[in-house]
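Notebook open, coffee poured. Today I am looking up the empty spaces in this model, and then one residue that caught my eye.

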Amino acid sequence: MGAPGDVKAPTDWDSLTFSFTETDRMYVANGTLEDGWSEGIMIDFQPLSLSPAACVLNYGQGLFEGMKARKTPDDRITLFRPELNARRAADGAKRLVMPEIPESMFIDAVRQVTHENRRWVPPHGKGELYIRPILFGSSARLGVSPAEEYMFVVFAVPVGPYFKGGMSPISLRVSQTHHRAAPGGSGGVKAIGNYAPGMMPSRKAKSEGYSEIIYLDAVEHRFVEEVGAANFFCVKDGVVYTPELTGTILPGITRLSIIELAKSMGITVREQKVDINFALDCDEAFCAGTAAVISPIGSIQHGDLEVDYGGVGSITLALFERLTGIMGGSLEDTKGWTHEV
Ligand SMILES: *Cc1c(COP(=O)(O)O)cnc(C)c1O
């Protein structure tokens with residue numbers, strides 16, 4: 001293990017993909033529901049020790065966050081709107097009866113992990129350092145009730161750009177049999193338990209040549225909710241539409257940033273229920289999240305229908321260029337979204 005800050009590149013930056021690589025250092029803090037958090041520490045990357053009866057292992061009491069640190073063209077390292085990840089994690093902690101992490105502690109942990117793994121931040125344009133904060137009930141619990149003790153851990157992994165050679169539109173399929181979240185449930189939280197149930201339908205769609213599935217709402221099976229673990233957008237007659245946040249949809253930070261950016265570019269944005277038949281009739285469609293940023297949708301299969309959007313739409317492309325320009329530091333950040341580490 002090299003010392004943090006080594007000049008030598010720790011990996012081949014050109015072969016990065018979105019996959020796990022062990023890095024140098026991680027952050028760990030311990031807390032309780034009663035007394036909150038003790039001060040976190042930075043340690044070498046290592047396995048955690050947990051009781052087999054840990055609440056998180058048996059009852060899924062846990063959540064995660066996902067964010068990226070990037071190199072600017074002049075070699076500074078920046079984070080994108082980390083305070084929004086901190087707030088979302090705090091909201092999720094409330095929903096899952098876990099001690100909330102104060103915003104300053106969350107951001108401090110993310111900054112330390114970025115700094116101490118800075119040799120793993122890919123050069124500008126080659127990828128990003130993906131930062132993964134996790135919060136979970138760590139102490140033993142036999143009955144279904146909240147743990148007494150909690151851990152907040154932050155680690156980081158270098159990942160490649162989602163688009164090597166430009167934006168390639170993906171093909172999606174609407175799931176006719178599965179739903180991601182129901183009203184009153186935990187769909188609006190990055191709760192760990194929300195993700196394993198999507199693996200089977202997603203895997204099946206991938207084995208049949210699709211990139212991901214589109215989930216419709218669980219009540220009427222009519223309105224678009226999400227694309228796997230990314231938010232959905234479509235464009236018709238120059239107006240951008242995205243499903244409104246009703247509690248079953250994850251409030252994405254990329255989603256919010258696209259809405260704000262589009263409005264400031266003079267584009268009308270409507271957050272409302274998006275009927276799948278309306279979406280299929282749109283001019284452009286794309287999905288958005290930290291991992292993929294903006295991913296154009298080339299086609300959607302829904303029952304007997306197969307709709308082709310034909311190439312990357314002009315509004316999709318304009319939003320992609322503006323957003324990635326701000327994120328990567330090649331366009332001026334007039335909104336104060338990026339924070340130097
Ligand atoms: C994380 C996530 C998103 C995207 O959120 P970002 O903050 O933009 O990364 C969308 N949907 C689901 C289900 C997610 O877990």
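**Entry 1: the largest cavity.** I started with the lining of the largest cavity, which consists of M67, K68, R70, F80, N85, I253, T254, G289, T290, V293 and M327. This is a predicted model, so I keep in mind that totals for linings use all residues. The space inside the largest cavity comes to about 100 Å³. I also looked up how many cavities of 30 Å³ or more there are, and the structure holds one.

Which elements supply at least two residues each to this lining? I found β5 (67-71) and α5. The biggest contribution is from β5, which gives three residues. By class, I noted five nonpolar, four polar and two charged residues around the largest cavity.

Where does the largest cavity lie with respect to the domains? It lies between domain 1 (13-159) and domain 2 (170-328), because both give residues to its lining.

**Entry 2: the largest pocket.** Next I turned to the open spaces. The largest pocket has a volume of about 1100 Å³. I counted through its lining of 38 residues and wrote down the closest to the centre: Y195, E212, G228, A229 and A230. Two or more lining residues come from each of β7 (128-137), α4, β10 (212-216), β11 (224-227), β12 (230-236), α5 (253-264) and β15 (284-289). A nice link for my notes: α5 is named for the lining of the largest pocket and also for that of the largest cavity.

For anyone setting up a probe set, the class split of the pocket lining is 19 nonpolar, 12 polar and seven charged residues. Domain 1 (13-159) and domain 2 (170-328) each provide at least three residues of this lining.

**Entry 3: N194.** Last, I picked a single residue. I placed N194 in the loop between β9 (170-174) and α4 (199-207). Is N194 buried or exposed? N194 is buried, because its relative accessible area is 12% and the cut-off for buried is under 20%.

Which residues does N194 touch, leaving out those up to four places away in sequence? My list reads R180, S186, G187 and V189. With S186 there is something more specific to log: the N194 side chain reaches the backbone oxygen of S186 at 2.8 Å. I also checked N194 against P183, and the pair is 11 residues apart in sequence and 13 Å apart in space, C-alpha to C-alpha.

Note on methods: Residues are numbered from 1 along each chain as its sequence is written. This is a predicted model: local features need pLDDT of at least 70, side-chain atom pairs count only at pLDDT 80 or more; totals for chains, interfaces and linings use all residues. Side-chain values use heavy atoms; hydrogens and water are left out. Helices (H or I, at least four residues) and strands (E, at least two) are DSSP runs, numbered from the N terminus. Buried means under 20% relative accessible area, exposed over 50%, partly exposed in between (1.4 Å probe, protein chains only). Contact means heavy atoms within 4.5 Å. A polar contact is a pair of N or O atoms within 3.5 Å; within protein, one must be able to donate a hydrogen and the other to accept it, and residues adjacent in sequence count only if both atoms are side-chain atoms. On a 1 Å grid over the protein atoms alone, a cavity is a set of points where a 1.4 Å probe fits but cannot get out, and a pocket is an open set with protein on both sides within 12 Å along at least five of seven lines; lining residues have an atom within 4 Å of a point. Grid points are joined across faces, edges and corners, and a volume is the space filled by probe spheres set on the points. Ala, Val, Leu, Ile, Met, Phe, Trp, Tyr, Cys and Pro count as nonpolar, Asp, Glu, Lys and Arg as charged, and the others, Gly among them, as polar. Domain bounds come from an automatic or database domain assignment.
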